[in-house]
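Here are my notes on the model you sent round. Have it open on your screen while you go through the points.

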Amino acid sequence: MFAIWMGTQADEAFPEAWHLDATTINGDGIASIRSKVYLSPRLWYLRVNVIEAQELQLGDRNRQQPDIFVRGSHGNMMLRTRISQSKNVNPLWNEDLMFTVSEPFDEQLVLCLVEKIGPKKEDELGQCSIPLHGVEKRLDFKPPLSRWYNLEKHTVSENGQRNVNKLNSRVHLRISLDGGYHVLDELTHYSSDLRPTARQLWKPAIGVLELGILNAQNLTAMKTKDGRGFTDAYCVAKYGQKWIRTRTILNSFNPKWNEQYTWEVFDPCTVVTVGVFDNCHLQGVNGNAKDSRIGKVRIRLSTLETGRVYTHSYPLTVLSPTGVKKMGEIQLAVRFSCASLFNILMMYAQPLLPNLHYQHPLSCHQIESLRNQATQIVSTRLSRAEPPLRKEVVEFMLDVGSNMWSVRRSKANHYRMAGMLSVVVRCVKWFDQICSWTNPFITVLVHVAFLAYICFPWMILSTVFLFLFLIGVWNYRGRPRHPPHMDVRLSQADNALNDELDEEFDTFPTSQKQIDVVKMRYDRLRAIASRVQTVFGDIATQGERLYNLLSWRDPRATALFLVFCFVACVVLYVTPMKVVCAVAGFYAMRHPRFRNPVPSLAISFMRRLPARTDSLL
């Protein structure tokens, strides 16, 4: 008997409508080819303010100036305070420890008070375990109530029995779950969600993102069996807290998924990420193998015109220690719809992150440490689902380790910055030609214009804004028609040497067999170089954002800027320059009482502009 099912993804029978070739998969493998929608765990920042401790019992009571610090641990993360400056049994710290935690708060926070006796010798003075269910959740930076916690000491008897001894010592803490921050599990340059943790601070959605994962073409064989190469491909897409995984198409180099998914959009300046992987957990394949990555695509929503359907093929490129390789192409259909264009335009005047990030900013070291904790939590939680979204897949989607030192990335950022500075170089060369009378006619015109601006200085700014407005209108004809994709040349992946790639894919700390001193210096060099690399990338990003003011890469932002230029041209034309200069000077020198730690409208607008970071591998 032969039966055919015909329908769409909306039908209830769709999840069970597998291909006939799925009959070759055993029971355990069938679960790993199904489509699935996942939700990231809800993440919080846990702030532990260690204030002081009292009546600590030292192992050696004759020690006059003990070195005491607090070690905090939650899950796999461990932090410690500085050694207390008060060298006694009542030490003071007043220091914050920051952790990333996830609901439902199954794990407890463990704090240990430790006395440092020697270079590699420590003595635990007591510890306390604190459940997180009753910890105060705050929306602002109002100090939480402090509380004393009694310490206890865990000992092991000679027969191996574990004993818990109550102590008279106690520690003074302020503990809170900060819901006013956004927990970063992605890099800010291409984050898919910028909302704070607390739902009370969420704003209504401004639109809907529709993503159609259609098919892939000319995929590379990822594994072999009986001398024949084959690929079992599936896709993973992430936007916000929602992850989706398509069904696995077995033994096909041109798989067709034809699956559609939707997300609510709360900010247009966010990025949706789509990755393609090879399923290595089916019958006849090593169960310990990792799913191979085929490629990844990032699409920034602000580069999409509202309501337009973009159907485009994107190259799938992967970088490995042996070099860069094109693995095929994937065809996607994307549409960003909104109910109110005014609400989207208003978002460009809002700060990129929640206000608490600017009023009480975290240090760069804290942000990086907390992001590493967040990615570990998300990858661990999603790997427990059925079918699991494996750790290597989640880490590839979240770009774990992408900020480490890389000669290739440093070159890419260098050339990006050089490309932005080339405009200044051309202007300097042009001015040098004016001074050298290379073209006498142009030189005379410049002298006449300069004399006119001296006589009529109020025309300078209006002419500049008019010039920018005309450039933007002229560039509208050549505006980008499709979202950007991974650019191999921009990423300097085609020119990378083997030793540079070997260093880029090296673990941190390094796995190379070297003496301890050389290893320490090598790791320290990489840590410093990663910061330099980040600075270069940030400088290049700002320059590219300035360039994209007029490039129509983000059509709404360019339209807003052109309207501003035109209005500024008219206003500055009718306003005396002396008044403009006076207002600008007094505004720049205003009293700190009239300043706001939240970024201004101009800064917020600039930070929302797209850059070429979306196209970097």
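1. Which residues have the most contacts inside the largest nonpolar core? They are I330 and L332, in a core that has 51 residues. Keep in mind as you look that this is a predicted model. Helix 11, residues 555-574, gives the most to this core, with 7 residues.

2. Zoom in on I330. If you leave aside its neighbours within four places in sequence, I330 is in contact with I213, N215, A216, C235, V274, V276, V297, H312, S313, Y314 and L316. Apart from the core that holds I330 there is another one, made of 29 residues, and L111, I130, L132 and V171 are among them.

3. Now the overall picture. The protein has 617 residues, and buried residues make up 45% of them. Its secondary structure comes to 13 helices and 20 strands. The C-alpha trace spans about 100 × 80 × 55 Å along its principal axes. Of the contacts with a separation of 6 or more, 72% are between residues 24 or more positions apart.

4. Next, the enclosed spaces. Rolling a probe the size of a water molecule over the atoms shows where empty space is left. Here there are 6 cavities of 30 Å³ or more, and the largest cavity has a volume of about 220 Å³. Its lining has 18 residues, with L43, H182, V183, D193 and Q241 nearest the centre. By class, the lining of the largest cavity divides into 5 nonpolar, 7 polar and 6 charged residues.

5. The second largest cavity holds about 90 Å³ of space. It is lined by 14 residues, and T188, H189, R300, R545 and R607 are the closest to its centre. This lining divides into 5 nonpolar, 5 polar and 4 charged residues.

6. What about an open space? The second largest pocket takes in about 1,200 Å³. It is lined by 38 residues, of which M420, V423, G543, Y547 and N548 come closest to its centre. Three helices give two or more residues each to this lining: helix 6 (407-435), helix 8 (459-475) and helix 10 (516-547). Helix 6 gives the most, with 7 residues. By class, the lining of the second largest pocket has 18 nonpolar, 11 polar and 9 charged residues.

7. If you were wondering about disulfides, a search of the whole structure finds 0. Why does C280 have no bond to the closest cysteine sulfur? That sulfur is in C235, and it is 15 Å from the sulfur of C280, so the two are too far apart for a bond. A disulfide would need the two sulfur atoms within 2.5 Å.

8. Are C280 and C364 buried or exposed? C280 is buried, because its relative accessible area is 6%, under the 20% cut-off. C364 is exposed, because its relative accessible area is 71%, and exposed means over 50%.

9. Two peptide bonds are worth a look in the viewer. The one from E103 to P104 is cis, with omega near 10 degrees, and P104 sits in the loop between strand 5 (92-102) and strand 6 (109-118). The one from E386 to P387 is cis as well, with omega near 0 degrees. P387 lies in the loop between helix 4 (364-382) and helix 5 (391-397).

10. Please check the backbone at D226 too. Although D226 is not a glycine, its phi is positive, at about 55 degrees. D226 is in the loop between strand 12 (223-225) and strand 13 (228-230). With a relative accessible area of 76%, D226 is exposed.

11. Last one: where is W552 found? W552 is in the loop between helix 10 and helix 11. Its phi is near 65 degrees, a positive value in a residue other than glycine. W552 counts as buried, because its relative accessible area is 12%.

Notes
Residues are numbered from 1 along each chain as its sequence is written. This is a predicted model: local features need pLDDT of at least 70, side-chain atom pairs count only at pLDDT 80 or more; totals for chains, interfaces and linings use all residues. Side-chain values use heavy atoms; hydrogens and water are left out. On a 1 Å grid over the protein atoms alone, a cavity is a set of points where a 1.4 Å probe fits but cannot get out, and a pocket is an open set with protein on both sides within 12 Å along at least five of seven lines; lining residues have an atom within 4 Å of a point. Grid points are joined across faces, edges and corners, and a volume is the space filled by probe spheres set on the points. Ala, Val, Leu, Ile, Met, Phe, Trp, Tyr, Cys and Pro count as nonpolar, Asp, Glu, Lys and Arg as charged, and the others, Gly among them, as polar. A nonpolar core is a set of buried Ala, Val, Leu, Ile, Met, Phe, Trp, Tyr and Cys residues joined through side-chain atoms within 4.5 Å. Buried means under 20% relative accessible area, exposed over 50%, partly exposed in between (1.4 Å probe, protein chains only). Helices (H or I, at least four residues) and strands (E, at least two) are DSSP runs, numbered from the N terminus. Contact means heavy atoms within 4.5 Å.
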